[in-house]
Amino acid sequence: FPPAVFPLSCVVQNYSWGKVGLESEVAKLVASGDPLVQIQPDQPYAELWMGTHPRGDALIRDNRIPQKTLGQWIADNPACLGAKVKDAFQGHLPFLFKVLSVNTALSVQAHPNKELAAKLHAQFPEHYPDANHKPEMAIALTPFEGMCGFRPVEEIVSFLQNVPELRALIGEVAAEQLERSGSDDPRGVSAALRVCFTRLMKSEKKFFVDQLNMLVKRISQEAAEGKDTSGSNGELLLRLHSQYPGDIGCFTIYFLNLVRLEPGEAMFLGANEPHAYLHGDCVEVMACSDNTVRAGLTPKFIDVLTLCEMLNYTPAPSSSKILLAAQSQLDPHVYLYDPPVPDFTVMRIEIPASVKLYLISAIDSASILLVIQGTAVGTSTAAASEMSLHRGSVLFVSANESISLHLSSPDGMLLFRACCLL
């Protein structure tokens, strides 16, 4: 039999928003994973892609395997996915696993549901490269900040009353409609919110740049005088404006929740949920797709009309966006992040220093295993030889295969495992 458990060498994406050199968790993991890699001190290391995506198919680090990449190997050995996964996802690995190191904000964006993805892909294949949906989940490795979903209406109304520049862009009629919308009529609230957000996003370029400059000037002066600018979300506004001067995305901070995650906390981003990552390091897992509808904080193609049409305009507090892991009933060292979509699940495996032998259990799904800390020697009946595991190691594990870890680190181990539990 060919080895069914093997190490991977994964692709790094050097997007400009990434953390630079060894400040980046991505760079640190890559450098520990492969001592031959030279980390460039002035280069951004934004994303590590662990999966079969055509723009970043992982290389197989096992010279007994004829296939060069994981994508080729799965295509030739689709049973490795597990019977249910293979049937449900037409012989493809249904998820892409990543590490992100965010230094400056990513664009304000949302991902379409399957229906809209198919339509956008048919009409504009150059901007929407496939017909799949793209739910995603981010799990913080370091304190992590992002914007996600619409704020409770009372918070937005408070900004409309404290930030005259915002009110000017939206216009008096739309602002008053949102102020009058009652909590007893959720559809009315969503409709008013849609009007306000669409008016903001479609405002005339020269007009919003003038208003933004006035706002930045006012808040800078207030901050210099030592005044409290939190009523205008001043600190975040100045930070985003310094990263993307003159960008309409700066105003979205008045509509979207600011979500702060501590290490181990997660946020799930369903279809049509507006979001933007702002700062920090995380592991991320998503359905295999590249469909992103953008609307600001970006030099890339923006599609304001599609975005404003598709968004989920249901206001909710930021606390509702945080997804907590549930400790596994079967193994106290495993914590499950199980989002409301079938495409992926993530396990956080925390092995204390007192445990010297640990079994990574077999599941009925292919999985990808990432070592964040600790060292061990891994053995598996499905592996060609024993595998040395350390920070930055990435393993592909076929369905129904297990791995015995012989731990050698004084402070235990932390691993993340992405899989598909149908």
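These legends describe close-up views of a predicted model.

**View 1. The eight-stranded sheet is open and antiparallel.** Its strands follow the order β6-β1-β23-β20-β25-β18-β17-β16. The edge positions belong to β6 (59-60) and β16 (326-327). Each of these two has a single partner strand, so one side of each is left without a neighbour in the sheet.

**View 2. Strands β1 and β23 pair within the eight-stranded sheet.** β1 spans residues 5-9 and β23 spans residues 394-397. The two strands run antiparallel and are joined by three bridges. Val-5 stands opposite Val-397 of β23.

**View 3. A second open sheet has four strands.** The strand order is β19-β24-β21-β22, and the pairing is antiparallel. β19 (357-360) and β22 (387-389) are the edge strands; each has a single partner, so one side of each lacks a neighbour in the sheet. From one strand to the next, the twist averages 30°.

**View 4. Strands β21 and β22 pair at one end of the four-stranded order.** Three bridges link β21 (residues 376-379) to β22 in the antiparallel sense. Ala-376 has Leu-389 of β22 as its bridge partner. β22 is one of the two edge strands of this sheet.

**View 5. Helices α5 and α7 cross obliquely.** α5 covers residues 153-162, and α7 covers residues 172-180. Their axes come within 10 Å and cross at roughly 140°. Because angles over 145 degrees count as roughly antiparallel, this pair is classed as oblique. The crossing of α5 past α7 is left-handed. On the α5 side the contact is made by Val-153, Ile-156, Val-157, Leu-160 and Gln-161, and on the α7 side by Ala-175, Leu-178 and Glu-179. By class, this contact has six nonpolar residues, one polar and one charged.

**View 6. Helices α7 and α8 are roughly antiparallel.** The axes of α7 and α8 (residues 186-201) come within 9 Å and cross at roughly 150°. α7 passes α8 in a left-handed crossing. From α7, the contact involves Ala-174, Ala-175, Gln-177 and Leu-178. These meet Val-189, Ala-192, Leu-193, Val-195, Cys-196 and Arg-199 of α8. The contact of α7 with α8 divides into eight nonpolar residues, one polar and one charged. Ala-175 and Leu-178 of α7 also take part in the contact with α5.

**View 7. Helices α9 and α10 pack obliquely.** α9 runs over residues 205-224 and α10 over residues 234-243. The angle between the helices is about 125°, and their axes are 10 Å apart. α9 passes α10 in a left-handed crossing. The α9 side of the contact consists of Leu-212, Asn-213, Leu-215, Val-216, Ile-219 and Ser-220. Gly-234, Leu-237, Leu-238 and His-241 make the contact from α10. The residues of this contact comprise six nonpolar, four polar and no charged ones.

**View 8. The annotated spans are taken from an unreviewed UniProt entry.** UniProt places "domain: Phosphomannose isomerase type I catalytic" at residues 5-153. In the model this span is 22% helix and 27% strand, and its end C-alpha atoms lie 50 Å apart. The record assigns "domain: Phosphomannose isomerase type I helical insertion" to residues 169-256. That span is 65% helix and 1% strand, with its end C-alpha atoms 17 Å apart. The annotation "domain: Phosphomannose isomerase type I C-terminal" in UniProt covers residues 336-376. There the chain is 0% helix and 51% strand, and 22 Å separates the end C-alpha atoms.

Technical notes:
Residues are numbered from 1 along each chain as its sequence is written. This is a predicted model: local features need pLDDT of at least 70, side-chain atom pairs count only at pLDDT 80 or more; totals for chains, interfaces and linings use all residues. Side-chain values use heavy atoms; hydrogens and water are left out. Two strands pair if DSSP finds at least two bridges between them. Axes are lines fitted to C-alpha atoms, for helices over the stretch in contact, and angles run from 0 to 180 degrees between N-to-C directions. Angles under 35 degrees count as roughly parallel, over 145 as roughly antiparallel, 65 to 115 as roughly perpendicular and the rest as oblique. A crossing is left-handed if the near helix is turned anticlockwise from the far one by less than a right angle, and right-handed if clockwise. Contact means heavy atoms within 4.5 Å. Ala, Val, Leu, Ile, Met, Phe, Trp, Tyr, Cys and Pro count as nonpolar, Asp, Glu, Lys and Arg as charged, and the others, Gly among them, as polar. UniProt positions are given in the numbering used here, feature names are shortened, and annotations may be inferred rather than shown by experiment.
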